[in-house]
Amino acid sequence: MPSGDSASVDADAMGRALQEAARVRAVTSPNPWVGCVIEPGDFRGATEAPGGRHAEIVALAAAGSFARGATAYVTLEPCCHFGRTPPCVDALVDAGIRRVVIGITDPDPLVAGRGLDALRSAGVQVELGVRSAEVSTQLAPYIKHRTTGRPWVILKLAATLDGATAAADGSSRWITGPQARADAHRMRAESDAVIVGANTIRMDDPDLDVRDSASPGRQPLRVVLGTAPADARAQPVREFIGDPGRLLDELAAEGLVQVMVEGGAAVAGAWHRADLVDRYVFYLAPALAGGEGGRPMLAGAGPASIDELWRGRIVSVQALGDDIRVELAPLASGVADSCLPA
């Protein structure tokens with residue numbers, strides 16, 4: 001067990017590894033976004049796009065001969081199998097790394113503790129669980145995909161303070177300001193697919209692409225629940241009719257790790273009632289629709305009494321220009337727990 005001083009050093013280095021992982025969040029899927037720091041020297045690495053190097057290999061290349069006898073801090077357990085790239089465990093051992101500090105184990109069945117065992121068998125000192133809660137939160141979409149076989153689902157809605165997502169005539173552009181829209185584009189850039197209802201396509205004719213993100217990465221797959229007009233600006237799209245759970249299964253099988261549902265209200269209400277949402281992201285504008293003609297956030301049947309209210313937990317609240325971003329999680333959200341150390 002590390003002493004107080006060494007524990008602080010480990011936590012600081014893992015924090016920098018977390019920063020490296022966050023930097024590549026939009027480019028690595030379906031691979032996990034992982035960060036690595038080698039000390040002494042603060043040599044850093046992050047996972048590259050699919051087919052590229054893993055974080056450990058990037059950091060080892062930066063460290064060169066300074067890796068011998070050093071400590072590697074990695075947010076996720078190093079891989080020990082051949083995939084698109086050789087095993088990171090072998091590279092760490094061959095470079096002479098003396099100690100590896102890891103945030104969480106990898107839930108992928110191809111790894112799942114085998115990387116830890118291989119490092120220890122090679123005489124490398126291994127520490128597990130440093131800043132594990134933060135790493136599990138950062139990798140929650142990847143963890144869910146590997147443990148449940150379904151992608152992480154974000155439901156995003158923009159609304160007035162009294163809960164209207166559109167006016168009585170169906171118009172909704174724009175409820176929120178440019179900073180809120182840029183943040184939504186950042187989430188799109190981090191998502192493998194964007195899902196909307198056919199009515200949203202007909203009413204708003206959105207592009208559903210990534211334009212306003214600072215690091216746009218690749219464009220997400222655009223999925224329309226229903227039939228989209230041939231001349232819709234979002235074309236080409238994938239049309240889907242049927243059970244949304246089956247859609248999630250199909251997308252996960254194709255390697256999609258995170259999807260973003262952008263409405264409208266009928267789609268949002270249906271996915272909410274089906275308990276398919278992992279995170280709700282609401283952008284609330286300082287505006288009031290008033291009356292009863294506007295579209296609600298979640299259309300469809302509501303609770304019969306106050307005792308039947310759905311309740312979650314607020315993850316974060318953030319000001320974005322004149323708007324407020326509220327992130328909400330279901331109370332039973334615990335997909336990352338299986339990767340925490342015992």
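A charge counts as sitting over a ring when CZ of Arg or NZ of Lys is within 6 Å of the ring centre and within 35 degrees of the ring normal. With that in mind, select Arg-181 and Trp-174: the arginine lies over the face of Trp-174, at 4.4 Å from the ring centre. Keep in mind as you click around that this is a predicted model.

Next, pick Arg-25 and Trp-33. Here Arg-25 lies over the ring face of Trp-33, and the distance to the ring centre is 3.7 Å.

**Ring on ring**

Searching the whole structure turns up 3 aromatic pairs. One to look at is Tyr-280 with Phe-282: the ring centres are 6.1 Å apart and the planes meet at 25°, so this pair is stacked. Tyr-280 is buried, at 3% relative accessibility, and Phe-282 is buried too, at 12%. Add Trp-310 to the selection and you have one aromatic cluster made of Tyr-280, Phe-282 and Trp-310.

**Into the core**

Now for the largest nonpolar core, which has 32 residues. Select Ile-38, Ile-97, Val-100, Leu-119 and Leu-139, the ones with the most contacts inside that core. Colour by element and you'll find that those giving two or more residues to the core include strand 1 (35-39), strand 3 (71-76), strand 4 (99-104) and helix 4 (114-121). Helix 2 gives the most, with 4 residues.

Zoom in on Ile-38. Leaving out neighbours within four places in sequence, its contacts include Phe-43, Ala-59, Leu-60, Ala-72 and Ile-97. There is also a second, separate core of 25 residues, and Phe-282 from the stacked pair is in it, along with Ala-159, Ala-268 and Trp-271.

**Helix 9 and its histidine neighbour**

Move on to helix 9, residues 244-253. Which of its residues are buried? Show Gly-245, Leu-247, Leu-248, Leu-251 and Ala-252. They span an arc of only 155° around the axis, so they sit on the same side of helix 9. An α-helix has 3.6 residues a turn, so residues three or four places apart point the same way.

Step just past the end of helix 9 to Gly-255, which has a positive phi of about 95°.

For the last stop, select His-145 in helix 6. Is His-145 buried or exposed? With a relative accessible area of 12%, His-145 is buried. Draw a distance from the His-145 side chain to the backbone oxygen of Ala-252 and you should get 3.1 Å. Setting aside residues up to four places away in sequence, His-145 touches Arg-150, Ala-252, Gly-255, Leu-256 and Val-257.

Definitions and conventions:
Residues numbered from 1 in each chain as written. Predicted model: local features only at pLDDT ≥ 70, side-chain atom pairs only at ≥ 80, totals over all residues. Heavy atoms only, no water. Buried < 20%, exposed > 50% of the residue type's maximum accessible area, 1.4 Å probe, protein only. Arc of directions from axis to C-beta. Core = buried A, V, L, I, M, F, W, Y, C linked by side-chain atoms within 4.5 Å. Contact = heavy atoms within 4.5 Å. Polar contact = N/O pair within 3.5 Å; in protein donor to acceptor, adjacent residues only side chain to side chain. Phe/Tyr/Trp six-rings, centres within 6.5 Å; stacked < 30°, edge-to-face > 60°.
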